[in-house]
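Visitor: I would like to take a close look at a single part of this model, with the cut-offs behind each term stated as we go.

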Amino acid sequence: MRYCIALCLILIASAAQAASDLVATYEYPGNTRVTIVTRSPEYVRMDTSPTSVMLLKDNKIWSVHKNESGQWVAMDMDQMKSMNSGGGFMSLFGGGEPEPEEPDPDYTVKFDNTGQREKIAGYTGTVYNIDVMENGNLVRRDEVVLGSHSDLKKINEAWMAISARMGEVMGEEVSKSVGKAAEQSKMMGYGGMLRYGDEM
């Protein structure tokens, strides 16, 4: 376990120093910021606070945070999911068999070009209205700004990679929505995300 933690910390530290890394910071309401650092879709770091990081490496999601005593701790989110699902660790304490998982919903995204342009952080993009559908039902309606610059396309791929794995592990609706929008925008050639609604 110590080796894994040390390895994660080395990877996190080296990511900030690598010249080929691309860094994008998104601001949320309440002055909260999320920073994405990527060198490829196989290596993505998401800084959610100065003491909390999500790391995608070799198709595994790690949650890395600083504990109360100031030490950095890394957790394999796939292992955490299996422990919390009623099987594995929980079965040792009478947790019984895990409940059967429901099938993943079918997410689709529809884009409607508003014809408007918006400039954010020096990049110009096109404003789209998007509808996120789950099994044919509307679950989110948002406005996004997408740009075709190569930097934005790389960040878009990073969002797709980390959102997909976070959605699998944690089942977060927003993570899945953002990831699906990123995936659809790549497929349709719309580019990478500069803004997602008023949230990001």
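Which residues does Gln-116 touch, not counting residues up to four places away in sequence?

Guide: Leaving aside residues up to four places away in sequence, Gln-116 touches Gly-125, Thr-126 and Val-127, where a contact means heavy atoms within 4.5 Å. This is a predicted model in which local features need pLDDT of at least 70 and side-chain atom pairs count only at pLDDT 80 or more, while totals for chains, interfaces and linings use all residues. Residues are numbered from 1 along each chain as its sequence is written, and side-chain values use heavy atoms, with hydrogens and water left out.

Gln-116 belongs to strand E7; helices (H or I, at least four residues) and strands (E, at least two) are DSSP runs, numbered from the N terminus. One of its contacts can be followed along the backbone: Gln-116 and Val-127 are eleven residues apart along the chain, and their C-alpha atoms are separated by 5.4 Å. With a relative accessibility of 47%, Gln-116 is classed as partly exposed, a class that lies between buried (under 20% relative accessible area) and exposed (over 50%), for a 1.4 Å probe and protein chains only.

The strand that holds Gln-116 is part of an open sheet of four strands, ordered E7-E8-E9-E10 and paired in the antiparallel sense; two strands are said to pair if DSSP finds at least two bridges between them. Strand E7 (107-120) and strand E10 (192-196) are the edge strands, each pairing on one side only. From one strand to the next the twist averages 35 degrees, taken between axes that are lines fitted to C-alpha atoms, with angles running from 0 to 180 degrees between N-to-C directions. Inside this sheet, nine bridges pair strand E8 (residues 123-134) with strand E9 (residues 137-147) in the antiparallel sense. Thr-126, one of the residues that Gln-116 touches, has Leu-146 in E9 as its bridge partner.

Charged side chains can be followed through this region as well. Side chains of opposite charge can pair when their charged atoms come close. A salt bridge here is a side-chain nitrogen of Lys or Arg within 4 Å of a carboxyl oxygen of Asp or Glu, and a search of the whole structure finds ten of them. Glu-118, Glu-143 and Arg-195 are linked in a network of such bridges. Another salt bridge joins Glu-199 to Arg-140, with 2.5 Å between the closest N and O atoms. Because Arg-140 is in strand E9 and Glu-199 lies in the segment after E10, this pair ties together parts that are 59 residues apart in sequence. Arg-140 is buried at 13% relative accessibility, whereas Glu-199, at 28%, counts as partly exposed.

For context, the other sheet deserves a look. It is an open sheet of six strands in the order E1-E2-E3-E4-E5-E6, again with antiparallel pairing, and its edge strands, each pairing on one side only, are strand E1 (22-28) and strand E6 (72-76). Its neighbouring strands are turned by 20 degrees against each other on average, direction ignored. E1 is joined to strand E2 (residues 32-40) by seven antiparallel bridges, and Val-23 stands opposite Val-37 in E2. The hairpin of E1 and E2 has three residues between the strands, and there Gly-30 takes a positive phi near 80 degrees. E2 and E3 form a hairpin with two residues between them, joined by five antiparallel bridges.

Asp-47 connects several of these features: Thr-35 stands opposite Asp-47 in E3, and the bridge partner of Asp-47 in E4 is Val-53. The side chain of Asp-47 also meets that of Arg-45 in a salt bridge, at 2.7 Å from N to O. Asp-47 is buried at 18% relative accessibility, and Arg-45 is likewise buried, at 7%.

Across the protein there are four helices and ten strands, and buried residues make up 40% of the 200 residues.
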